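Trainee: I'd like to learn how to read salt bridges in a structure. Could you walk me through them?

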Amino acid sequence: MKKLGLLLLFALLSVYASAQKKPIKCGTIVPPNAAQIERQFSFTPGSAAITNCLNKTLSVNFIIVTDSLRETNIQMSDMAGAISALNSAFAPICLSFQICNVDTVYAYKYHRWKLSRDHAEFEVNYCQQNMINIALVTQILEPPDAGGYAPLGLGMPGPPRYDLIVMSKGGMSGVIVHEVGHYFGLYHTFETSNGIEFVNGTNCATTGDLICDTPADIDPAPIAGGCIWSGTNRDPNNDFYTPMLGNIMSYHGGGCPEAFTIGQYNRVIWSYLTFRNYLY
């Protein structure tokens, strides 16, 4: 009996470890006119150094949606921790964030969020103009299974400018930097809407995530424990994928340390200056 109990405990710990390795899914959607916008504004990814220091501090408006019992289920310390994570991630380009306001919305209908039903209505009713609004909900039903999503930073919205990022409360700490990366124009490293990036990098500026210092990637990523690439997947040229493990815009689990690249930082700078310069 004791042996059986130990075996069950080991099995439970193994399941827990596997769950910890699984990355939180992102619901950010690439707009259908993304390729047209890219051609129009012509982001140049080639610099080997960070091109600019923005020296900007941006205001964040957290909007907490309560559950059916009118409970917030989140602490101020959770939001402060999220801001700290953003400040650490974007410090190399002198971009920082501060909590400007925290609102609580006692509207149960948004508690389990559906983008097509809730997003536009919520923007008008609860968001502040010209700042980053982050709605914190219990669960995102649409896009399905998402821990969060953000508007991709590929266009300046017309006034009134209600910029809304949506995140589940339970997944905020693991997804906020990823979603703000999208908000400032970063694609997933495994993006295919621009075409499939070759492992040899010959088309890196025009396909994939359009950034050349993020090697070709795939999803799902075959990552084993200890952040080890365990796959034998090949690109259309029959070359094996060997991505940079742990990029913030990837879906790499397995305890991989997370970071942005210089090319990604330069794209964030470009997106801010081109599309998000109205923020205060």
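**Reading the salt bridges**

Mentor: Sure. This is a predicted model, and the count here comes to four salt bridges, taking a Lys or Arg side-chain nitrogen within 4 Å of an Asp or Glu carboxyl oxygen.

Trainee: What is the general idea behind such pairs?

Mentor: Side chains that carry opposite charge can pair when their charged atoms come close. Take Glu38 and Arg267: their side chains form a salt bridge, at 2.5 Å from N to O. Glu38 sits in helix α2 (residues 34–41) and Arg267 in helix α6 (residues 262–275), so this pair links distant parts of the chain, 229 residues apart.

Trainee: Are Glu38 and Arg267 buried or exposed?

Mentor: Both Glu38 and Arg267 are buried.

Trainee: Which residue does Glu121 meet in a salt bridge?

Mentor: That's Lys109, with 2.8 Å from N to O. Glu121 belongs to helix α4 (residues 115–126), while Lys109 is in the loop between β2 (95–105) and β3 (112–114), so the bridge ties together parts 12 residues apart in sequence.

Trainee: Why does Glu121 count as partly exposed?

Mentor: Because its relative accessibility is 33%, and partly exposed covers the range between under 20% and over 50%. Lys109 is partly exposed too, at 40%.

Trainee: And what does Arg117 pair with?

Mentor: Arg117 forms a salt bridge with Asp118, and their closest N and O atoms are 2.7 Å apart. Look at the accessibility here: Arg117 is partly exposed at 39%, whereas Asp118 is buried, with a relative accessible area of 0%.

Notes
Residues numbered from 1 in each chain as written. Predicted model: local features only at pLDDT ≥ 70, side-chain atom pairs only at ≥ 80, totals over all residues. Heavy atoms only, no water. Helix = DSSP H or I, 4+ residues; strand = E, 2+ residues; numbered from the N terminus. Buried < 20%, exposed > 50% of the residue type's maximum accessible area, 1.4 Å probe, protein only.
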